[in-house]
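Here is a short tour of side-chain contacts, cysteines and long-range neighbours. Keep the viewer open and follow along.

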Amino acid sequence: MDRTKYEIEIKHHTFIRAIQRGISPDLMENCIQNGSIGRFGKNYVRFISKSIICIGEISGLKIKIITIERRKK
């Protein structure tokens with residue numbers, strides 16, 4: 001999947017969860033730009049980096065990042 005074809009939209013909920021979990025916005029952006037991509041379900045995608053996972057929903061030509069979590073060891 002080519003992430004450059006999609007517009008990335010980060011929801012307000014994602015920023016709230018990032019602050020609660022102690023994740024900086026720079027880490028979130030790095031995960032989306034450079035992390036590996038895993039599709040699951042029909043319309044969902046995971047961006048996975050070494051320390052965090054961003055969950056997004058594909059809607060047309062837009063990926064909406066809906067939540068973020070720390071990666072379990």
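## Starting point: Ile8

In which strand is Ile8 found? Ile8 is found in strand S1. Before going further, please bear in mind that this is a predicted model.

Ile8 has a relative accessible area of 30%, so the residue counts as partly exposed. Together with Ile10 and Phe15, Ile8 makes a nonpolar surface patch of about 200 Å². Ile8 also has a partner far along the chain: Gly56 is 48 residues away in sequence, yet the two C-alpha atoms are 9.1 Å apart in space.

## The salt-bridge network

How many salt bridges does a search of the whole structure find? The search finds two. In one of them, the side chains of Lys11 and Glu9 meet at 3.2 Å, N to O. In the other, Lys62 pairs with Glu9, and here the closest N and O atoms are 3.3 Å apart. Lys62 belongs to strand S5 (residues 62-70) and Glu9 to strand S1 (residues 7-10), so this pair ties together parts that are 53 residues apart in sequence.

Glu9 takes part in the bridge to Lys11 and in the bridge to Lys62, and the three residues Glu9, Lys11 and Lys62 are linked in a network. If you colour them by accessibility, you will find Glu9 partly exposed, with a relative accessible area of 24%. Lys11 is partly exposed at 31%, and Lys62 is partly exposed at 26%.

## Aromatic rings and a charge

The structure holds one aromatic pair. It is formed by Phe40 and Tyr44, with 5.8 Å from centre to centre and 25° between the planes. Why does the pair count as stacked? Planes under 30 degrees apart count as stacked, and the angle here is 25°, so the pair of Phe40 and Tyr44 falls in that class.

The ring of Phe40 has another neighbour to look at: the charged end of Arg46 sits over that ring, 4.1 Å from its centre. As for solvent, Phe40 is partly exposed, with 26% relative accessibility. Tyr44 is partly exposed as well, with a relative accessible area of 32%.

## Two cysteines without a bond

How many disulfides does the structure hold? The number is zero. Cys31 is in no disulfide, and the nearest cysteine sulfur, that of Cys54, is 3.9 Å away. A disulfide needs the two sulfur atoms within 2.5 Å, so the 3.9 Å from the sulfur of Cys54 to that of Cys31 is too far for a bond.

Are these cysteines buried or exposed? Cys31 is buried, with a relative accessible area of 1%, and Cys54 is buried too, at 0%.

## Neighbours across the sequence

Strand S5 offers further pairs that are separated along the chain. Lys64 has its place in strand S5, and its C-alpha atom is separated by 5.8 Å from that of Ile10, although the two residues are 54 residues apart along the chain. Lys64 is partly exposed, with a relative accessible area of 22%. Ile10 has already appeared above, as one of the residues that make the nonpolar surface patch.

Ile65 is found in strand S5 as well. Which residue lies 51 residues from Ile65 in sequence and 7.0 Å from it in space, C-alpha to C-alpha? That residue is Thr14. Ile65 is buried, with a relative accessible area of 0%.

One more pair involves strand S3 (residues 44-48), where Ile48 lies. The C-alpha atoms of Ile48 and Asn30 are separated by 10 Å, and the two residues are 18 residues apart along the chain. Ile48 is partly exposed, at a relative accessible area of 24%.

## Pulling it together

Strands S1 and S5 are worth viewing side by side. The salt bridge between Lys62 and Glu9 ties the two strands' residues together across 53 residues of sequence. Lys64, in strand S5, has its C-alpha atom 5.8 Å from that of Ile10. On the surface, Ile8, Ile10 and Phe15 make the nonpolar patch, while the network of salt bridges links Glu9, Lys11 and Lys62.

Terms used. Residues numbered from 1 in each chain as written. Predicted model: local features only at pLDDT ≥ 70, side-chain atom pairs only at ≥ 80, totals over all residues. Heavy atoms only, no water. Phe/Tyr/Trp six-rings, centres within 6.5 Å; stacked < 30°, edge-to-face > 60°. Buried < 20%, exposed > 50% of the residue type's maximum accessible area, 1.4 Å probe, protein only. Lys NZ or Arg CZ within 6 Å of the ring centre and 35° of its normal. Salt bridge = Lys/Arg side-chain N within 4 Å of Asp/Glu carboxyl O. Helix = DSSP H or I, 4+ residues; strand = E, 2+ residues; numbered from the N terminus. Patch = residues over 30% accessible without salt bridge, like charges linked within 9 Å, V, L, I, M, F, W, Y side chains within 5 Å. Areas by Shrake-Rupley, 256 points an atom, 1.4 Å probe, with all protein chains shown as cover.
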